[in-house]
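Biologist: I am new to this structure. Can you walk me through it?
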Amino acid sequence: MREADRYDAMEKALLQLMPAALSETAQAGMEAQLDELSGSAEVLRHGFPHWAKWLGGIAAAVTIGVFAFPFGSQESAPLVGIAEDDGMVVITELDRVEKVLDEGLFVDAGGSAVRKMSVRVIGESRILDEETGIEVTLTEPRREMVLLPVSTF
Amino acid sequence: MGNFSDVWKRWLVENGPRLLLFARGWGKTREDAEDLVQEAVLKMWHYQQEENRGGKPPDLPLVFSTIRFAGLMLHRSEKRRRKREEAIVYLNDFQDVWLDPVMEDDEDSVRLRDAVQNLSDKLREVIVMKTWGGLTFAQISEVLAISPNTAASRYRYALEQLTQDLKQMREERHA
């Protein structure tokens, strides 16, 4: 018998042997583990990290908006930018002052007079995920307290 | 996401036996081998979750590599343990087979199964990856960090050895 034929015969003989299956216990254990991992991956893929990427960028912009907004019911200038290293494009970021409430005059710890203003701000961000094409608008209402020094009465 | 888990389960059903067979070369018992497979699957899961990999089940060569690495680690710890427990004698479980003959009454298949189990580690892992894993010599060479020619040579040598073993067994049977 030629060498190649001998090998061929042996290969066919080997294929008559089938690898033994995983035990039921091992199979069930691994499947349970996959279910568990899959559950955590659900959170990982569509929960915290995904939104965190967006919220992280927004938080910074919102913070800037809060300190920059002019009082009154008007919108701050739209900001457009690209979030770093995650493929998220910030299309617009707006801080809309919804309500300003004058809470009166107070004297601060240093003895200076200040006017306390309660401001309700709605932060809105439109974000585009370049990978999926999904565009999302995030709205973040919040209340801020602003102390304005008073020099004239 | 349920589908995502199902894809992995189907992959495990399809490939679990061949992964287990490969792991048997590293685990002392079936349970050890199953632990190695589970460890590899767990590592692969996390690896595949990383960016740009899409979370899909991995290619087999990668899993074989992972099992081999886990097996090497297991061997190291086993070696240390054996030194501590030299007085203990382990008994073989003779019902614990690596391969199931398709025809249980085929005596040649049973003998061939024993011959495969008795191959040296170097030869057996190539035979297992090629025959039951369906890997190419190029893929096997990557898993074992050897050249494709060496992988092919080991494969041919293993086939030759199995042929000789089987021939010898037949002669002994008819003697």
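Modeller: Start where the chains meet. In this predicted model, 27 residues of chain A are in contact with 36 residues of chain B.

Biologist: What makes two residues count as being in contact?

Modeller: Their C-beta atoms, placed from the backbone, must lie within 7 Å. By that rule, 36 residues of chain B touch 27 of chain A.

Biologist: Which elements of chain B supply at least two residues each to the side that touches chain A?

Modeller: There are helices α1 (2-24), α2 (30-49), α4 (107-118), α5 (121-132) and α7 (148-174), plus strand β1 (99-101). The most comes from α1(B), with 10 residues. By class, this side of chain B has 20 nonpolar, 8 polar and 8 charged residues.

Biologist: Why are α5(B) and α7(B) called roughly perpendicular to each other?

Modeller: Angles of 65 to 115 degrees count as roughly perpendicular. These two helices pack at about 100°, with axes 9 Å apart. Therefore α5(B) and α7(B) earn the term.

Biologist: Which residues make that contact?

Modeller: From α5(B), B:Lys122, B:Leu123, B:Val126, B:Ile127 and B:Lys130. From α7(B), B:Ala151, B:Arg154, B:Tyr155, B:Tyr157, B:Ala158 and B:Gln161. By class, the contact has 7 nonpolar, 1 polar and 3 charged residues.

Biologist: What pattern does chain A follow along the sequence?

Modeller: Chain A reads α-β-α-α-β-β-β-β. That is 3 helices and 5 strands.

Biologist: What makes a residue of chain A buried?

Modeller: It needs 20 or more other C-beta atoms within 10 Å of its own. Of the 153 residues in chain A, 16% are buried.

Terms used. Residues are numbered from 1 along each chain as its sequence is written. Chains are lettered from A and ligands numbered from 1 in the order in which they are written. This is a predicted model: local features need pLDDT of at least 70, side-chain atom pairs count only at pLDDT 80 or more; totals for chains, interfaces and linings use all residues. Helices (H or I, at least four residues) and strands (E, at least two) are DSSP runs, numbered from the N terminus. Ala, Val, Leu, Ile, Met, Phe, Trp, Tyr, Cys and Pro count as nonpolar, Asp, Glu, Lys and Arg as charged, and the others, Gly among them, as polar. A residue is buried if 20 or more other C-beta atoms lie within 10 Å of its own, exposed if 12 or fewer, and partly exposed in between; C-beta atoms are placed from the backbone. Axes are lines fitted to C-alpha atoms, for helices over the stretch in contact, and angles run from 0 to 180 degrees between N-to-C directions. Angles under 35 degrees count as roughly parallel, over 145 as roughly antiparallel, 65 to 115 as roughly perpendicular and the rest as oblique.
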